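Please look over the sequence and the structure before reading the report. Keep both at hand while you read.

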Amino acid sequence: MKIGIGIDTGGTYTDAVIYDFDSGKVLSSSKSLTTKEDLSLGISDALDRLDRELVKRADFASLSTTLATNACVEGKGGRAKLLFIGQDGDTLGRVGADFGLRSPDEVFVSGRSGSFDGKVLPQVDWDELAASSAEWLSDAESLGIVETYAVNNGAAAEREAKKLFSALRPGIPIVCSSELFSGLNSVRRGAGTLLNARLIPVINAFLAAIERAFERLGVSCPVMIVRSDGSLMSRAFSRTHPVETILCGPASSVLGGMALAGKPDSIIVDMGGTTTDISLVKGGQAVRAEEGISIGGWRTFVKGVFIDTFALGGDSAIRCRGESFDICADRAVPLSLLATRYPYIKDKLRELLASRVTHTRPLHEFFTLVRDIENDSAWSEDEKALCRALKNGPLMLRDAAEAVGREIYTLKSERLEAEGVILRSGLTPTDIMQLTGDFAMYDADAAALAVRFILRCMGRGDGAEELDGFCGEVYERIKKTLYCAIVRILLQNKYPALARNGLSRELKDIIALRWDELRSGASGYFDLDFTSSAALVGIGAPTHIFLPDVAKALGAECVIPPNAGVANAVGAVSGSVSAAVEVEVRPDHNASGIDGYFVCSQRETKYFKQRDAAVLCAKELARKLAVETARERGISTVAAVDISEKNKESFTASGIRVDLGSVITASAIGGALL
């Protein structure tokens with residue numbers, strides 16, 4: 001019997017399963033709170049709740065996490081910098097933000113670009129670069145390097161820059177775009193490379209937590225990490241390629257949903273603590289993101305399954321907005337959970353209600369400390385003062401501001417929150433579930449006090465009837481958001497132009513209005529229905545509350561499979577190691593036609609006069625790189641390598657067909673783990 005341990009560390013919960021590969025069954029499962037202050041505690045607790053004898057017999061463990069996903073959505077991550085060689089600042093200023101390069105302080109531009117065909121290399125004054133970038137790089141925790149035409153010239157300048165800065169800053173991780181991506185668009189490559197650098201501290205904290213948890217329990221089996229396409233990679237490989245995990249949690253949910261539900265055509269909806277992830281399965285195969293993953297304003301070349309991720313989860317902050325409320329993108333620790341750890345939270349909320357104050361700011365929210373920064377010179381004195389004030393326990397917004405001598409309007413907490421030093425606690429859908437009885441684990445009284453405050457700020461009464469009505473409104477808002485998102489995704493999948501350009505405001509309004517009509521039972525002279533023959537598969541703890549009504553509105557079957565609450569952990573352990581490498585054959589066009597062919601890979605560029613020789617070289621190079629990459633990802637033997645060739649779409653200019661070359665793809669399938 002081959003046994004694997006699957007672990008998924010989400011923003012709120014850590015799930016674990018023991019999976020029998022021979023029978024395809026979950027033998028043991030558990031769920032524990034994710035402990036942000038020390039992730040190893042939550043992982044250890046989840047493992048502790050599994051069958052101890054089976055844990056000791058495990059052949060390997062595989063882990064997925066939404067930490068990188070959440071960091072992208074919430075704008076969090078380490079202090080990273082990007083060196084951009086051969087690009088001009090005007091171009092970055094014009095289009096950089098479209099790909100995620102929003103902060104000029106994070107990017108340093110240097111050198112003159114070479115030629116597109118790779119024959120002329122970029123020109124860089126390395127001594128001048130070292131001197132002029134020293135102050136800019138001084139506070140960086142990691143560095144990414146990208147060169148405009150690295151894909152076409154073998155990335156010589158990127159490698160030279162890495163050698164230089166490795167000597168100048170030996171303590172920080174440095175990763176080049178050519179080590180991550182093969183796409184031509186240098187701005188998109190740069191965005192993905194900067195994001196990768198930002199995520200290095202996130203993945204390192206996760207890996208350190210895994211090591212502590214496994215050492216504490218005496219577990220000594222190979223450990224793999226899930227990538228965004230559902231395949232696996234080793235811990236060592238993931239340390240320098242964390243961007244490949246940006247949707248590994250959602251990818252695991254797809255694999256887990258497919259394994260548990262057994263529906264060949266399905267829409268998989270995974271609602272977690274911070275985000276909701278929706279993916280599509282057609283004919284038993286997950287739909288893939290062909291152009292690379294986009295998430296949280298970042299547009300990357302990361303390959304993965306198609307997943308639409310948006311900020312809606314059990315820990316989404318609910319805040320007053322005029323006479324209504326918003327379910328915000330910001331994550332908050334549920335007040336009902338915080339009150340179970342710190343009972344005085346309820347006393348502070350009662351004092352707030354007794355004051356009869358109303359406010360446009362979320363005065364009911366608290367700050368809580370995650371880690372100490374007292375000895376870190378990168379933080380300001382005001383930021384350190386706020387953290388010192390929180391050492392004795394969570395503080396309400398006004399109390400936190402008063403403790404550091406500030407008004408609530410001038411309290412600077414944004415950077416502390418963005419980098420995970422402190423967390424907010426506030427009213428969330430999880431709190432509403434405590435009040436409805438759908439999820440009764442924490443302190444419902446704290447949730448009720450926060451709802452009463454928000455009702456007052458909205459200008460409503462705060463009695464029992466109004467409280468029940470508010471809970472119903474929150475549930476209805478979540479269902480409507482899910483319905484609108486699913487319809488949008490299905491429309492964009494069926495009509496790709498809508499994916500490129502986005503849905504118009506009018507179409508979005510029609511979708512929202514149709515939900516309102518369906519819920520009210522209104523029908524008439526003309527009706528418009530959005531329906532699907534695919535099954536809606538709900539995974540993640542709260543989906544059983546919201547998905548049945550959404551499925552009914554879509555005329556679809558609703559499936560909540562057994563072990564749905566730990567589907568991500570099942571998906572994590574059911575993956576395998578594989579590696580796909582692309583090598584391009586590009587014609588060298590001149591005025592008289594084609595003069596030869598470039599063979600372009602992430603590591604080198606070669607030139608041939610004849611196409612056949614170029615294609616043969618590309619196939620050999622792709623095979624070699626695929627095997628090397630698969631081994632880097634953690635396997636000792638490669639079971640098979642599949643090679644395919646796809647011609648790029650040609651076009652006609654002045655009656656002449658223009659050949660754009662072809663792409664050779666080598667896919668290596670893993671055998672035994674290292």
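The report below covers a group of paired strands, the nonpolar cores and a surface patch.

## The model

This is a predicted model.

## Strand β12 and its partners

Strand β12 takes in residues 276-282. Six of its seven residues are buried, so the strand is mostly covered; buried here means under 20% relative accessible area.

β12 pairs with strand β11, residues 266-271, in the antiparallel sense, and six bridges link the two. In this pairing Ile 267 stands opposite Leu 280 of β12. The two strands β11 and β12 make up a hairpin, with four residues between them.

Another partner of β12 is strand β18, which covers residues 308-310. These two strands are also antiparallel, with three bridges. One pair of bridge partners is Asp 277 and Thr 309, the latter in β18.

Strand β13, residues 285-286, is joined to β12 by two bridges, and the two run antiparallel. Here Val 281 stands opposite Ala 286 of β13. β12 and β13 form a hairpin with two residues between the strands, and in this hairpin Gly 283 has a positive phi near 60°.

## The nonpolar cores

The largest nonpolar core has 87 residues. The members that touch the most others are Ile 432, Phe 470, Leu 482, Tyr 483, Leu 536 and Val 550. Helix α19, residues 464-494, supplies the largest share of this core, with 14 residues.

What does Ile 432 touch, leaving out residues up to four places away in sequence? Its contacts are Ile 318, Leu 427, Val 451, Phe 470, Cys 471, Val 474 and Tyr 475.

A second core, separate from this one, has 42 residues. Among them are Ala 80, Val 187, Ile 295 and Phe 301.

## A patch on the surface

Nonpolar residues also appear on the surface. Ile 510, Tyr 525, Phe 526 and Leu 528 make a nonpolar surface patch of about 540 Å².

Where in the chain is Phe 526? Phe 526 lies in a loop, with α21 (505-520) on one side and β25 (535-539) on the other. Is Phe 526 buried or exposed? Its relative accessible area is 66%, and the cut-off for exposed is over 50%, so Phe 526 counts as exposed.

Note on methods:
Residues numbered from 1 in each chain as written. Predicted model: local features only at pLDDT ≥ 70, side-chain atom pairs only at ≥ 80, totals over all residues. Heavy atoms only, no water. Patch = residues over 30% accessible without salt bridge, like charges linked within 9 Å, V, L, I, M, F, W, Y side chains within 5 Å. Areas by Shrake-Rupley, 256 points an atom, 1.4 Å probe, with all protein chains shown as cover. Salt bridge = Lys/Arg side-chain N within 4 Å of Asp/Glu carboxyl O. Buried < 20%, exposed > 50% of the residue type's maximum accessible area, 1.4 Å probe, protein only. Pairing = 2+ DSSP bridges. Core = buried A, V, L, I, M, F, W, Y, C linked by side-chain atoms within 4.5 Å. Contact = heavy atoms within 4.5 Å.
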